[in-house]
Amino acid sequence: MLTPDDVSAMLRQASLRVTKPRLAVVAAVDKLPHADTESVIAAVRAELPHVSHQAVYDSLHTLSDLGVLRRIQPAGSVARYETRVGDNHHHLVCRSCGAVADADCAIGETLCLTPSNTHGFRIDEAEVVYWGLCPRCADGDASPPP
Ligand SMILES: [Zn+2]
Ligand SMILES: [Zn+2]
């Protein structure tokens with residue numbers, strides 16, 4: 001769990017002003033890894049009832065553009081956010097309920113970023129999504145989450 005001091009340091013490192021909404025957004029995403037925008041808004045508003053949706057959207061965009069948060073968007077899914085940045089880990093996504101879990105790099109950070117032929121591209125990220133069924137859905141309990 002990140003402390004408010006950790007989050008302030010992350011914001012300053014990204015040359016961002018430390019504001020209450022930004023602190024609340026990062027704290028919410030830290031508490032709810034892979035949360036979608038709606039869940040982040042709900043969590044932020046539990047802390048700061050007067051923050052607008054737009055302020056949360058803007059914070060999410062700014063923070064992920066500057067690398068404080070990582071945005072992932074599996075095909076056909078809404079954008080999700082997490083504070084685990086910079087390690088290029090991958091994700092497992094359930095086809096049935098959309099649950100997302102972290103998967104560490106299968107081979108190692110560096111190798112995943114080194115395809116056999118880069119075609120001259122300067123690569124900074126490799127995105128791997130493992131699709132399947134989460135244990136809950138695989139057990140036959142296919143009812144959607146509440
Ligand atoms: Zn599932
Ligand atoms: Zn993740």
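This briefing covers the fold, the two zinc sites and the strand pairings of one protein model. The model is predicted. It has an average pLDDT of 89, and 90% of the residues score at least 70. The protein contains six helices and six strands. Two zinc ions are present: ligand 1 is held by four cysteines, and ligand 2 has His, Glu and Asp donors.

**Overall fold and confidence**

- Along the sequence, the elements run α-α-β-α-α-β-β-β-β-α-β-α.
- The C-alpha atoms fill a box of roughly 45 × 45 × 25 Å along the principal axes.
- The protein has 146 residues, and 32% of them count as buried.
- The exposed surface is about 9,000 Å², with 54% supplied by carbon and sulfur atoms.
- Among contacts with a separation of 6 or more, 45% join residues 24 or more positions apart.
- Confidence is highest in strand β3 (residues 80–82), with a mean of 97.
- Confidence is lowest in helix α5 (residues 109–112), with a mean of 58.
- Where pLDDT is low, the predicted coordinates should not be read in detail.

**Zinc ion, ligand 1**

- The protein donors are the SG atoms of Cys94, Cys97, Cys134 and Cys137.
- These donors lie 2.2 to 2.3 Å from the zinc ion.
- The site is tetrahedral, with angles of 103 to 113 degrees among the four donor atoms.
- For four tetrahedral donors, the ideal angle is 109.5 degrees.
- In sequence, the donors follow the spacing C-x2-C-x36-C-x2-C.
- Cys97 sits in the loop between β4 (90–94) and β5 (100–103), and Cys137 sits in helix α6 (residues 135–138), so this pair ties together parts that are 40 residues apart in sequence.
- Cys97 is partly exposed, at a relative accessible area of 22%.
- Cys137 counts as buried because its relative accessibility is 9%, under the 20% cut-off.

**Zinc ion, ligand 2**

- The coordinating atoms are NE2 of His34, His89 and His91, OD of Asp102, and two OE entries from Glu82.
- Their distances to the zinc ion run from 1.9 to 2.7 Å.
- The site is irregular, with angles of 52 to 167 degrees among its six donor atoms.
- For six octahedral donors, the ideal angles are 90 or 180 degrees.
- The donor residues are spaced H-x47-E-x6-H-x1-H-x10-D along the sequence.
- His89 and His91 are both buried.

**Strand β4 and its partners**

- β4 pairs with β5 in the antiparallel sense, over four bridges.
- In this pairing, His91 stands opposite Asp102 of β5. Both residues are also donors to the zinc ion (ligand 2).
- β4 and β5 form a hairpin with five residues between them.
- Gly98, in the turn of that hairpin, has a positive phi of about 85 degrees.
- β4 also pairs with strand β6 (residues 129–132), here in the parallel sense and over four bridges.
- Leu92 has Tyr130 in β6 as its bridge partner.
- Four of the five residues of β4 are buried, so the strand is largely enclosed by the rest of the structure.
- In a regular strand, side chains alternate between the two faces of the sheet.

**The β1-β3-β2 sheet**

- Three strands form an open sheet in the order β1-β3-β2, with antiparallel pairing.
- The edge strands are β1 (35–36) and β2 (70–72), each pairing on one side only.
- β1 and β3 run antiparallel and are joined by two bridges.
- Asp36 stands opposite Arg80 in β3.

**Ala14 and its surroundings**

- Ala14 lies in the loop between α1 (4–13) and α2 (20–31).
- With a relative accessibility of 17%, Ala14 counts as buried.
- Leaving aside neighbours within four places in sequence, Ala14 is in contact with Leu66 and Val68.
- Ala14 and Asp58 are 44 residues apart along the chain, and their C-alpha atoms are separated by 15 Å.

Definitions and conventions. Residues are numbered from 1 along each chain as its sequence is written. Chains are lettered from A and ligands numbered from 1 in the order in which they are written. This is a predicted model: local features need pLDDT of at least 70, side-chain atom pairs count only at pLDDT 80 or more; totals for chains, interfaces and linings use all residues. Side-chain values use heavy atoms; hydrogens and water are left out. Donors are N, O and S atoms within 2.8 Å of the metal (3.2 Å for Na, K and Ca); water is not among the atoms, so sites may look incomplete. Four donors count as tetrahedral if all angles lie between 85 and 135 degrees; four count as square planar and six as octahedral if opposite donors are over 155 degrees apart and all others between 65 and 115; anything else is irregular. Buried means under 20% relative accessible area, exposed over 50%, partly exposed in between (1.4 Å probe, protein chains only). Two strands pair if DSSP finds at least two bridges between them. Contact means heavy atoms within 4.5 Å. Accessible areas come from the Shrake-Rupley method with a 1.4 Å probe; for residues, only the protein chains shown count as cover. pLDDT is the predictor's confidence in each residue, from 0 to 100.
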